[in-house]
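Subject: Handover of a structure and the findings on it

Dear colleague,

Please find the structure below, handed over for your own use. The findings follow it.

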Amino acid sequence: MWSATAITALAPWPPPRDRSELVQLKWQLKEVENILHLTAEKEALGKQRAEAREALPAAQHERETRRKERIQLWSQHFLARVQAVVPGVERARIDPDAHATVIGHAVFEDSSVAGGDLILRNVCALLALRDVAREVPSAPIPSLLVVDFPVYGSDTNETDRHNGTRLLEQLVDAARDGRGQVLIATRALPASAHDGVRHLALSPTHHFFEHAPRSSDQDG
């Protein structure tokens, strides 16, 4: 027969109920450790957030100041580019809020200005951006500039023809500066702009871009 001592020795230790309580206590301790860890992280993150909020106004002011300085520099180059095409221009700038081009002078509206106001503004603004990048290396500029027929409408009078020639010369000079490629779609270039320029003859069946739609013989 089994003795009481032997029966006691065979009994599980700790009893099932006590083991369950131990597991729960270990889980609760783990949860407490996690809470303490998260609390410490929260305090550190809260401190970082407070520091960031404190530094935000100064950073915003610095960014806005830098933006205005860049636009002012852009405006200076924009005026120079416009004056190189239309010597009579006295005022030209980039609006600091809308980033739109603003040109104002006495005789500007009396001329189509080499293809129209929009072409002059766009081309000169893009060339001025490239000028800004020369002074501010961190300023990003596109490596490819494509201008489709920049002298559209420039054959209406002698003034427009001279302006169109000067606009083309500005574009060709930009293509020679080694800061990217410039593609100009036009019927002809001024004689002064031929050096260092590659000419690609196009026709209704020969396109610069291979995937461009081809015209039929009737299209001319």
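Two strands are said to pair if DSSP finds at least two bridges between them. Helices (H or I, at least four residues) and strands (E, at least two) are DSSP runs, numbered from the N terminus. This is a predicted model, in which local features need pLDDT of at least 70 and side-chain atom pairs count only at pLDDT 80 or more, while totals for chains, interfaces and linings use all residues. Residues are numbered from 1 along each chain as its sequence is written, and side-chain values use heavy atoms, with hydrogens and water left out.

Overall picture

The chain has four helices and four strands, arranged along the sequence as α-α-β-β-α-β-α-β. Of its 220 residues, 25% count as buried; buried means under 20% relative accessible area, exposed over 50%, and partly exposed in between (1.4 Å probe, protein chains only). A contact means heavy atoms within 4.5 Å. Among contacts between residues at least 6 apart in sequence, 53% join residues at least 24 apart.

Confidence

The predictor's confidence in each residue is given as pLDDT, from 0 to 100. The mean pLDDT of the chain is 76, and 75% of the residues reach 70 or more. Among the elements, β1 has the highest mean pLDDT (90), and helix α1 (residues 4-10) the lowest (49). The pLDDT is below 50 over residues 105-115, a stretch with 34 contacts in the model beyond near neighbours in sequence. Where pLDDT is low, the predicted coordinates should not be read in detail.

The hairpin of β1 and β2

Strands β1 and β2 (residues 101-104) run antiparallel and are joined by four bridges. One bridge pairs isoleucine 94 with threonine 101 in β2. The side chains of β1 alternate: Ala92 and Ile94 point to one face and are buried, whereas Arg91 and Arg93 point to the other and are not.

Six residues lie between the two strands of this hairpin. Aspartate 95 is placed in this loop between β1 and β2, and its side chain reaches the backbone nitrogen of alanine 98 at 2.6 Å. Not counting residues up to four places away in sequence, aspartate 95 touches Ala100 and Val102.

Histidine 99 lies in the loop between β1 and β2 as well. What is its phi, given that it is not a glycine? Histidine 99 has a positive phi of about 60°. Most residues other than glycine have a negative phi. Histidine 99 counts as partly exposed because its relative accessible area is 41%.

The nonpolar core

A nonpolar core is a set of buried Ala, Val, Leu, Ile, Met, Phe, Trp, Tyr and Cys residues joined through side-chain atoms within 4.5 Å. The largest one holds 26 residues, of which Phe78, Val82, Ile103, Leu120 and Val123 touch the most other members. Two or more residues of this core come from each of α2 (16-85), β1 (91-94), α3, β3 (144-148) and α4 (158-175). Helix α3 gives the largest share, eight residues. In soluble globular proteins, nonpolar side chains tend to be buried together.

Helices α3 and α4

The expected span of a helix is 1.5 Å times one less than its number of residues. The 19 residues of α3 should therefore span 27 Å, and its end C-alpha atoms are 27 Å apart, which agrees. For α4, with 18 residues, the expected span is 26 Å, and the end C-alpha atoms are likewise 26 Å apart.

The buried residues of α3 include Ile119, Leu120, Val123 and Cys124; those of α4 include Asp160, Asn163, Leu167 and Leu168.

Arginine 121 lies in helix α3 (residues 117-135). Is arginine 121 buried or exposed? It is buried, because its relative accessible area is 15%. Leaving aside its neighbours within four places in sequence, arginine 121 is in contact with Phe78, Thr101, Val102 and Ile103.

Leucine 126 is also found in helix α3, but it counts as partly exposed, at 35% relative accessibility. Leucine 126 and leucine 145 are 19 residues apart in sequence, and their C-alpha atoms are 8.4 Å apart in space.

With kind regards

Definitions and conventions: Polar contact = N/O pair within 3.5 Å; in protein donor to acceptor, adjacent residues only side chain to side chain.
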